[in-house]
Amino acid sequence: MAVWILWRPVIAPYTAFPPQFARRASRPCAVFQPAPQARAPLIAAVFLELTMMQSTIHYGSPRRHDCGVSVRASLYGSEKNALAAMGKSPPASRPNWWSAMKGLSAGIQSFAEHYMVQGHLLNHHIGGGDTMDNLTPITKSANTKMLNFFEKDAKNAIAAGDNIDYSVEADYSGTAPTAAALAGANLSTADKITLNGSGYMDYFCRWLKAETDVYNAAGALKSSSNTLWVSNEAS
């Protein structure tokens, strides 16, 4: 039997915070905690997967309306090339209701195709894949704000050879965004009424939030961000 050895970080759904992501109040901030090495099980008696990287990526589970809910990642700058090679963009995946929503009207289809994206929770430059565990529909404006408000810092830290503890959450709690907030002037009044009455607005997250701790290669804390928020809106 042929045995294949694959080199990749641990990527798994989680139902509780991994130990290294206990909030700062409950863990020392002065030392970056290396992720434990792990060995995945034999799959269909063909592929033996061995984790050879230290970086770990944990996606939230279950999905919300087939969309990603969160990601927690411990990423090592020394593995930046392997992380970049893992990333996928533009994503091919769509939530299972996306086509039905676009079919409500020609205007809604045009809006979804030109003003919305399947947004990466973990940026594709630092290991973020294109499955729906890592994606949620957001406006292009929200996607740009994610890049400027917190993704750039994470990407720059990894590019510089630093290590990061990084978390992003799509917040579906509270009131869902309205079609007017999501689309702005990019959707007609009639189509906004249709979209609001369709039930699909409940499937969109209202906020995205992120936290980043940056450590140097020796494990000393360099910076620790507050929780940063981005609204899923047209502007």
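Which residue forms a salt bridge with E113? The partner is K102, and the closest N and O atoms of the two are 3.2 Å apart. E113 sits in helix α3 and K102 in helix α2, so this pair links distant parts of the chain, 11 residues apart. Keep in mind that the model is predicted.

How open are these two residues? E113 is partly exposed, because its relative accessible area is 41%. K102 counts as buried, because its relative accessibility is 19% and the cut-off for buried is under 20%. Side chains of opposite charge can pair when their charged atoms come close.

Now stay with helix α3, which spans residues 106-115. Its buried residues are I108, F111 and A112. They cover an arc of only 95 degrees around the axis, so they lie on the same side of α3. What covers them? The cover includes α2, β7, α5 and α6. Of these, α5 spans residues 179-183.

Helix α6 deserves a short stop. It runs over residues 189-198 and holds I193. Is I193 buried or exposed? I193 is exposed, because its relative accessible area is 58% and exposed means over 50%. Its C-alpha atom is separated from that of A180 by 9.1 Å. Along the chain, I193 and A180 are 13 residues apart.

Next, look for the largest pocket. Its volume is about 350 Å³. The lining has 19 residues. Lying nearest the centre are P91, V117, Q118, H120 and N143. Which elements build this lining? Helices α2 (98-102), α3 and α4 (140-159) each supply at least two residues, and so does strand β7 (116-120). The largest share comes from β7, with 5 residues. By type, the lining divides into 7 nonpolar, 8 polar and 4 charged residues. Two of these elements have appeared before: α2 and β7 are also among the parts that cover the buried residues of α3.

Back to charged pairs. The count for the model comes to 6 salt bridges. One of them joins D133 and R63, with the closest N and O atoms 2.9 Å apart. D133 lies in the loop between β7 and β8, while R63 lies in the loop between β5 and β6, so the pair ties together parts that are 70 residues apart in sequence. The strands beside these loops are easy to find: β5 is 56-60, β6 is 70-75 and β8 is 135-139. D133 counts as partly exposed, at 24% relative accessibility. R63 is partly exposed too, with a relative accessible area of 33%. There is also a third member here. R63, D66 and D133 are linked in a network of salt bridges.

Another pair is K222 with D162. Their closest N and O atoms are 2.9 Å apart. K222 lies in strand β11, residues 221-224, and D162 in the loop between α4 and β9, so the pair ties together parts that are 60 residues apart in sequence. Strand β9 covers residues 163-171. The two partners have contrasting surroundings. K222 is exposed, with a relative accessible area of 52%, whereas D162 counts as buried at 9% relative accessibility.

To retrace the route, start at α3, with its buried residues I108, F111 and A112. Move to the largest pocket, where β7 gives the largest share of the lining. Finish at the salt bridges, including D133 with R63 and K222 with D162.

Definitions and conventions
Residues numbered from 1 in each chain as written. Predicted model: local features only at pLDDT ≥ 70, side-chain atom pairs only at ≥ 80, totals over all residues. Heavy atoms only, no water. 1 Å grid on protein atoms, 1.4 Å probe; cavity = no way out; pocket = protein on both sides within 12 Å on 5 of 7 lines; lining within 4 Å. Points joined across faces, edges and corners; volume = space filled by probe spheres on them. Helix = DSSP H or I, 4+ residues; strand = E, 2+ residues; numbered from the N terminus. Nonpolar A, V, L, I, M, F, W, Y, C, P; charged D, E, K, R; others polar. Buried < 20%, exposed > 50% of the residue type's maximum accessible area, 1.4 Å probe, protein only. Arc of directions from axis to C-beta. Contact = heavy atoms within 4.5 Å. Salt bridge = Lys/Arg side-chain N within 4 Å of Asp/Glu carboxyl O.
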